[in-house]
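Reader: I am new to this structure. Please explain the terms as we go.

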Amino acid sequence: MRIARFSIDGNVAFGAVEGDKPDELVLDIIKGIPFADFELSGTKVPVNKVRLLPPVLPNKVVAFGRNYAEHARELGNEVPDAPFAFFKPATSVIGPGDEIQYPSFSEDLHHEAELAVVIGRLCREVPRERVKDVIFGYTCANDITARDVQKREKQWARAKGFDTACPLGPWVETDLDPSDLTIQLTVNGGQRQLGRTSEMINSIEDLIVNITEAMTLLPGDVILTGTPAGVGPLNVGDEVAVTIEGIGTLTNKVIKRG
């Protein structure tokens with residue numbers, strides 16, 4: 001099931017996405033919230049009549065760096081011996097169609113297409129065999145990075161945590177095998193990144209076991225699983241699109257901040 005979060009007439013709701021053709025998609029509005037038992041209302045609205053929002057509002061976004069060997073090498077980095085985590089704040093999250101604001105403190109903004117895992121239940125110290133039980137579903141992410149700031153400051157909080165640095169969407173796919181999906185990214189229609197989730201160094205199970213050894217995850221929290229090779233610069237006016245097999249396409253435009 002594809003679960004979207006959207007606004008219409010000033011109200012915010014969740015809905016199940018129905019249909020296959022982009023111009024014929026409809027939302028069956030959900031009674032309640034999708035992280036608990038819910039029912040479909042039977043009230044349907046066309047997707048093109050609503051504003052799609054970030055599919056979840058995470059308490060935290062836990063991102064894992066250098067989880068694809070070719071990406072680590074393209075930036076001159078060693079492949080880490082263990083999962084390497086950092087955070088993007090909730091204030092960095094935007095949805096499909098929202099604008100990425102080019103930060104005033106950077107001159108080298110980069111895209112990073114990623115598979116995002118959405119957590120469905122409160123969990124801590126999750127054993128490997130129970131990881132699937134705590135996953136709500138999967139969505140597309142773009143780990144927008146001020147590369148020059150990342151290199152200069154070493155600590156990544158500003159480089160990867162600024163406002164609008166975490167586009168998510170367009171919805172959450174709850175029924176998906178994430179083990180070998182195509183991830184691709186285009187800028188103004190030209191392909192920049194192309195990889196497969198099977199190229200991850202650490203699996204989704206590895207990542208969730210690793211982070212829940214240290215902290216509790218809450219429903220709606222998001223795990224970013226790393227980016228394949230091909231990262232590169234974005235400029236004001238660019239349209240960047242992340243497409244993941246079985247999920248859909250997340251598209252955002254870059255604007256000048258302020």
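**Strands and terms**

Author: Strand β15 (residues 182-187) and strand β16 (residues 190-196) pair in the antiparallel sense, over six bridges. This is a predicted model, where local features need pLDDT of at least 70, side-chain atom pairs count only at pLDDT 80 or more, and totals for chains, interfaces and linings use all residues. Residues are numbered from 1 along each chain as its sequence is written, and side-chain values use heavy atoms, with hydrogens and water left out.

Reader: Why are β15 and β16 said to pair?

Author: Two strands pair if DSSP finds at least two bridges between them. β15 and β16 have six bridges, so they pair. T182 stands opposite R196 in β16.

Reader: What joins β15 to strand β19 (residues 239-244)?

Author: Five bridges do, and the two strands run antiparallel. V187 has V240 of β19 as its bridge partner.

Reader: Which side chains of β15 are buried, and what does buried mean?

Author: Buried means under 20% relative accessible area (exposed is over 50%, partly exposed in between; 1.4 Å probe, protein chains only). I183, L185 and V187 are buried and point to one face. T182, Q184 and T186 point to the other face and are not buried.

Reader: What makes the protein chain as compact as a globular protein of its length?

Author: The globule rule is 2.2 Å times the number of residues to the power 0.38, and the radius of gyration is taken over C-alpha atoms. For 258 residues the rule gives 18 Å; the chain has 17 Å, which is close, so it is as compact as a globular protein of that length.

Key. Helix = DSSP H or I, 4+ residues; strand = E, 2+ residues; numbered from the N terminus.
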